[in-house]
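Thank you for making the time this morning. I would like to walk through one structure slowly, and I will put a question to you as soon as it is on the screen.

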Amino acid sequence: MPPLLAIDAVSVAYGSTQVLHQIALTLSHGSIGCLLGPSGCGKTTLLRAIAGFEPISAGSIALEGQVVSAPGRTLPPERRQIGMVFQDFALFPHLSIADNIAFGLRGWSASDRRQRVEALLRLVGLSGYGRHYPHQLSGGQQQRVALARALAPRPRLLLLDEPFSSLDVTLREGLAREVREILSQEGTSAILVTHDQQEAFAFADEIGVMAGGRLLQWDSGYNLYHRPASRTVAQFVGQGQMVPGRWLDTTRVETPLGILRSDAEGTPGAEVDVLVRPDDLVHVRSGDSSASGALVTATVINRVFRGAEYLYTVQLGSGQQLLCLTPSHDDVAPGERMALRLDQRHLVVFPRQTA
Amino acid sequence: MNDTPSAAALPLTPPRRQRRRLFDGWLASALLVALLVALPVLAVFSFVLDPAASVWRHLGATVLGDYIANSLWLMLWVTIGVVAIGVPCAWLTSVCDFPGRRWLEWALLLPLAMPAYIIAYTYTGLLDFAGPVQTALRTTFDWSYGDYWFPPIRSLGGACAMFVLVLYPYVYMLARAAFLSQSRCALEVSRTLGAGPWRGFFTVALPLARPAVIAGVSLALMETLADYGTVVYFGVTTFTTGIFRTWYGLGNAAAAAQLAAALMLFVFVLIISERWSRRRQRYHHGSARFRALARHRLRGWQAVLASCVCLLPLLLGFVVPVLQLGQWALLTYEQSLNATFVTIALQTLLLAGTAALLVLAIALLLGYGKRLHSSRLLRSAVQIAGIGYAVPGTVIAVGVMLPFAAFDHTVDAFMSRYWGISTGLLLSGTLVALLFAYAVRFLAVALQTVEAGLGRIRPSTDDAARSLGLSPGSVLRRIHLPLLRGSLLTAIVLVFVDVLKELPATLILRPFNFNTLAVRTYELASDERLAEASLPALAIVAIGLLPVILLSRAIRRPATGEVDAALTGH
Amino acid sequence: MFQRLTLLLTATLLSCSAFASGELNVYSSRQEQLIAPLIEQFSKQTGIVVNVVTGKDDALIERLRIEGRNSPADLLWTADAGRLHRAKSQGLLQPIESEVLEAVIPAHLRDADQQWFGLTTRARPIMYARDRVDPAELSTYEALADPKWKRRICVRSSDNIYNQSLVAAMIEHLGEERTEAWTRGLVANFARPPAGGDREQISAVAAGVCDIAIANTYYLGGMLKSPNAADRQAAEKVAVFWPNQDGTGTHVNITGAGVTKAARNRDNAIRLIEFMVSDEAQQWYAEGNSEYPVKAGVEWSEVLKRWGEFKADELPMNVLGENNAAALRLMDRAGWK
């Protein structure tokens with residue numbers, strides 16, 4: 001069985017400007033993907049190409065094995081059975097909520113349609129709002145209606161274009177979880193576009209990081225964080241600092257934090273950068289005897305209280321700055337020194353960038 | 001099955017092809033129609049290279065300076081006038097409340113039904129030296145000619161006043177729609193930043209309404225430039241009278257066409273520079289939520305003043321001329337009101353109705369075509385097609401006759417040669433040619449309204465409907481048409497009223513034994529029988545009145561989709 | 001349903017172009033109300049159906065020219081000799097031989113090549129305020145350039161064909177140079193910038209804005225018969241003076257008609273013109289608009305009798321057309337707005 005969505009070497013160009021370069025990814029049935037990247041990276045263009053709004057200049061897009069986009073040939077959006085939820089919701093202001101949801105249910109019998117609309121209203125928690133009009137609802141409610149409307153015709157794939165960005169933060173996280181729940185109840189595959197990595201992690205099985213019109217990595221959230229394929233992905237996903245190092249032999253790297261062991265093999269003598277995440281550094285409280293591994297001491301430059309934890313910015317003797325996440329009880333004032341231990345499962349190593 | 005689709009899967013299935021062709025069919029037909037409508041304008045431009053140097057030397061040495069100066073003065077004063085009347089009335093009726101506001105709101109549109117040449121006749125009758133006003137002054141004060149100064153009605157100033165009185169509703173209507181659709185938020189923001197209500201008006205509300213005001217002014221100016229009847233009657237020589245003087249009097253069609261082309265170029269440059277001047281600004285409010293402005297209740301002298309400000313243009317632009325026409329009609333109705341008159345009225349009604357629907361359909365095709373495809377070719381073609389509004393009707397008529405006759409002659413020659421049948425004139429001299437001329441002449445009015453309406457519908461709305469399985473045509477039918485109801489009604493009414501008033505093109509292009517009220521009015525008035533002309537003139541006003549009232553009821557509701565639905569939803 | 005409607009609509013729209021053979025098609029710059037009763041009479045007498053489009057002369061000629069040999073028009077009917085001449089010189093008319101027309105219409109009132117025929121004449125004399133002007137002071141058009149008339153003359157704009165024809169005739173009589181000098185003198189005597197029609201000039205004389213006007217007589221006739229009392233009162237205050245009676249005569253123009261080159265009903269067209277010079281038609285046509293019959297011996301209306309007999313300029317009418325552009329340029333130069 002072919003995958004639900006297969007994107008093969010897709011490029012999109014506006015005139016002579018190329019906005020997408022050789023994008024390739026596949027999404028299997030029932031899974032939820034996410035395109036993550038800063039604004040202007042091309043993620044929305046890719047989403048619109050999948051929906052059929054943008055013609056592609058190279059490559060192909062296939063849905064369940066059927067080619068829907070190829071250079072010069074674009075199956076129009078209305079024939080793709082792809083649902084879409086828009087950033088500004090795009091509800092039809094002249095139709096009631098029920099009519100909005102029923103909009104895509106053409107060819108259904110009246111009773112089927114009514115049942116489907118009722119079911120969806122229940123699903124999104126808006127039972128009883130069918131006769132209301134969009135402007136009478138709050139932003140979050142409008143978003144749920146937009147979702148219900150897109151889900152109503154049981155699309156093969158649902159696309160969500162920054163659907164939570166116009167909502168306030170507290171609403172955003174709750175709704176993202178809720179939508180995820182709804183999608184799995186409906187068994188709908190989806191692709192979400194966002195610039196918010198927390199949202200991406202909370203929502204997606206697979207995440208594609210995009211920058212400059214290229215898909216840098218298509219992977220699980222865990223892998224993106226802990227096994228970034230490139231320096232750009234490492235810098236975009238999560239926080240962290242690059243620490244200079246050098247391969248001692250094929251498995252060990254020497255760094256200011258000590259000598260670290262790697263799963264992968266390197267060329268002895270080669271200069272590298274090692275990615276150190278804030279959660280890779282553990283604060284060793286004085287008197288903690290269970291400490292093992294290499295210990296370094298650093299000066300606290302700055303700290304940010306985050307409720308459950310502190311995010312410290314510290315400086316090593318070499319001048320190298322690092323980020324360190326500690327429980328919020330670990331209270332060290334700026335200017336004081338703290339002992340740190342590197343607790344890393346996988347060593348992420350990039351060849352040193354030459355200036 | 002393969003996991004990755006191979007190139008072999010590429011040949012697309014037939015139904016998909018059909019869909020694509022429909023999609024492109026829209027672009028193709030929009031392009032075709034735009035080019036067709038632009039044809040008469042291009043036909044006039046085809047004379048540009050014909051030699052006419054001696055006529056130009058003569059014109060340059062004698063009257064051309066006057067033509068240009070008078071036209072520019074007209075434009076300047078009409079602009080000042082329509083803005084000075086249209087904007088304050090729009091502002092007062094949309095954000096304030098004062099005695100009479102409810103009916104003034106729609107009554108202020110009534111002068112739209114009054115053709116400029118008819119209001120010119122009536123004011124001349126009233127204010128001329130021999131008219132009742134000056135006669136009364138003379139009898140009261142025992143003056144005679146030369147003892148006193150009275151503003152001469154037949155002058156550049158008089159012509160400006162006439163145009164302002166009947167054209168200000170364009171600015172009023174569009175500015176009002178803009179004011180009503182402005183969110184209260186923008187104004188409130190300005191208040192929190194320390195701007196009083198007056199500064200709020202000048203720094204926020206007016207700039208936000210600027211495109212609407214400019215659109216209104218440009219409609220008024222285009223109509224002013226195209227006018228022939230009024231300025232000729234007032235003895236004001238303008239670019240347009242110059243075109244006819246050169247064409248008929250000097251018998252030089254090439255030089256006349258060149259003058260007309262110069263006029264069109266001038267208008268074109270104006271339009272382009274206006275577009276350019278606001279190229280970076282966006283005027284639709286981004287917020288999905290919208291709160292209507294709360295009316296500010298005026299009291300005391302402020303209320304009286306507001307009522308007067310709104311009452312005056314209505315009185316001068318409508319009530320006074322209608323009373324004068326009515327008085328004349330009373331003198332003549334017995335001989336003028338007969339079966340022929342009723343036939344003519346019905347013919348006019350049908351013609352204007354058909355034309356309005358046709359022009360609206362074309363405007364929708366082009367406006368929606370531009371929304372679907374950002375084709376530069378289509379944009380230019382639409383721009384040229386829209387220029388007809390500034391071109392005198394007679395020039396349009398000739399521009400229509402040339403290609404139609406060329407087509408007819410070709411068909412006739414072909415048929416005679418191969419089948420021995422002479423088909424004669426198939427389209428020339430039929431209502432088809434006349435309706436086409438109306439489309440060329442009035443497309444700009446409908447297009448501007450439709451495009452403004454479409455611009456207020458966010459593009460994501462189209463995308464949402466497409467992703468829910470609607471073809472572009474269905475999107476237009478099920479989403480845009482309901483949302484555009486107000487704009488479409490406005491467009492229909494404006495074109496209807498314009499066709500009702502249209503004279504020069506109708507006069508030249510109409511078929512045998514076919515008359516309109518405007519033609520009837522003209523024939524009597526040109527024979528200098530104003531009293532007899534008053535009945536058909538009143539009929540024009542009366543027939544124009546109905547849709548104008550309809551329109552005014554429609555614009556009472558703000559024009560954004562959101563608010564449209566807000567009002568229908570309750 | 002929709003298709004049937006479209007078909008029906010198309011049929012209606014195109015049916016206007018279909019003209020049954022034998023029906024006479026007329027392009028007329030004479031207003032419908034002035035010719036409709038006569039045409040009705042003609043149809044009743046002959047059984048010939050007549051279709052009419054009215055419009056401005058120049059526009060109708062342009063339509064005729066563009067429609068070319070396929071034009072449905074059989075007859076061009078205008079209110080000005082200059083336009084008939086222009087139609088002829090553009091090759092839009094055809095010569096016709098008609099003993100009736102040649103016998104009835106004086107030679108200077110028809111085309112030398114028999115391409116058009118005058119049907120009535122319209123005179124453009126001087127009109128003066130009875131209470132302020134002694135007719136003895138008046139003599140010729142030329143004398144109106146005398147400074148003694150400074151600020152006392154009202155004439156409409158030079159856009160108007162009647163003024164163009166008048167100046168065209170003057171050019172023929174005086175030559176271009178002297179005509180221009182005369183025009184400058186006349187313009188210098190204007191009481192106000194030209195505006196409005198001939199009736200306005202007459203009203204202005206009556207109201208005291210100026211003392212004399214140059215206007216066509218039928219406008220005065222129209223005012224005398226007007227339903228508006230103010231018009232009638234004004235007209236009573238104004239009298240007609242026939243200028244140039246000792247010389248070339250008072251300037252006249254004609255209304256006239258010609259058969260088009262494309263005519264498919266040539267014979268019927270000729271019949272209509274011939275009908276127009278019958279005694280009955282001449283009398284009605286002239287009386288209806290206070291114009292003068294071209295046919296000798298036709299009884300004048302009461303209004304015409306009141307203004308009296310006069311000597312008309314017998315300049316061949318085609319001269320008016322030939323000199324028209326020159327006249328207009330001259331008026332532009334002289335500042336006649």
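In which sense do strands E4(C) and E10(C) pair, and over how many bridges? Please keep in mind, while you look, that this is a predicted model. The two strands pair in the antiparallel sense, over two bridges, with E10 covering residues 292-293 of chain C, and within that pairing C:Thr121 stands opposite C:Tyr292.

E4(C) has another partner as well, since six bridges join E4(C) to strand E9, residues 252-259 of chain C, and these two strands also run antiparallel. If you follow C:Ala123 across to E9(C), you will find that its bridge partner is C:Val252. As for its surroundings, seven of the seven residues of E4(C), which spans residues 117-123, are buried, so the strand is largely enclosed by the rest of the structure.

Let me now step back to the domains. Chain C is divided into domain 1, made of 5-121 + 253-300, and domain 2, made of 123-250 + 316-333, and the C-alpha centres of these two domains lie 29 Å apart. Where they meet, 17 residues of domain 1 are in contact with 16 residues of domain 2. On the domain 1 side, the elements that give two or more residues are helix H4 (81-89), E4 and E9 of chain C, and H4(C) gives the most, with four residues. That side of domain 1 divides into five nonpolar, eight polar and four charged residues.

Chain C also touches chain B, with 53 residues of chain C in contact with 50 residues of chain B. Several elements of chain C give two or more residues to this side, among them helix H1 (2-15), strand E2 (50-54) and helix H15 (324-334). The residues on the chain C side divide into 20 nonpolar, 19 polar and 14 charged.

Finally, I would like to turn to the interior. The largest nonpolar core has 399 residues, and those with the most contacts inside it include B:Val359, B:Leu443, C:Ile202 and C:Val205. Helix H7 of chain B, residues 156-181, supplies the largest share of this core, namely 21 residues. Domain 1 and domain 2 of chain C both give residues to the core, so it lies between them. To take one residue as an example, B:Leu443, leaving aside its neighbours within four places in sequence, is in contact with a set of residues including B:Val37, B:Ile362 and B:Gly388.

Terms used
Residues are numbered from 1 along each chain as its sequence is written. Chains are lettered from A and ligands numbered from 1 in the order in which they are written. This is a predicted model: local features need pLDDT of at least 70, side-chain atom pairs count only at pLDDT 80 or more; totals for chains, interfaces and linings use all residues. A residue is buried if 20 or more other C-beta atoms lie within 10 Å of its own, exposed if 12 or fewer, and partly exposed in between; C-beta atoms are placed from the backbone. Two strands pair if DSSP finds at least two bridges between them. Two residues are in contact if their C-beta atoms, placed from the backbone, lie within 7 Å. Ala, Val, Leu, Ile, Met, Phe, Trp, Tyr, Cys and Pro count as nonpolar, Asp, Glu, Lys and Arg as charged, and the others, Gly among them, as polar. A nonpolar core is a set of buried Ala, Val, Leu, Ile, Met, Phe, Trp, Tyr and Cys residues joined through C-beta atoms within 7 Å. Domain bounds come from an automatic or database domain assignment.
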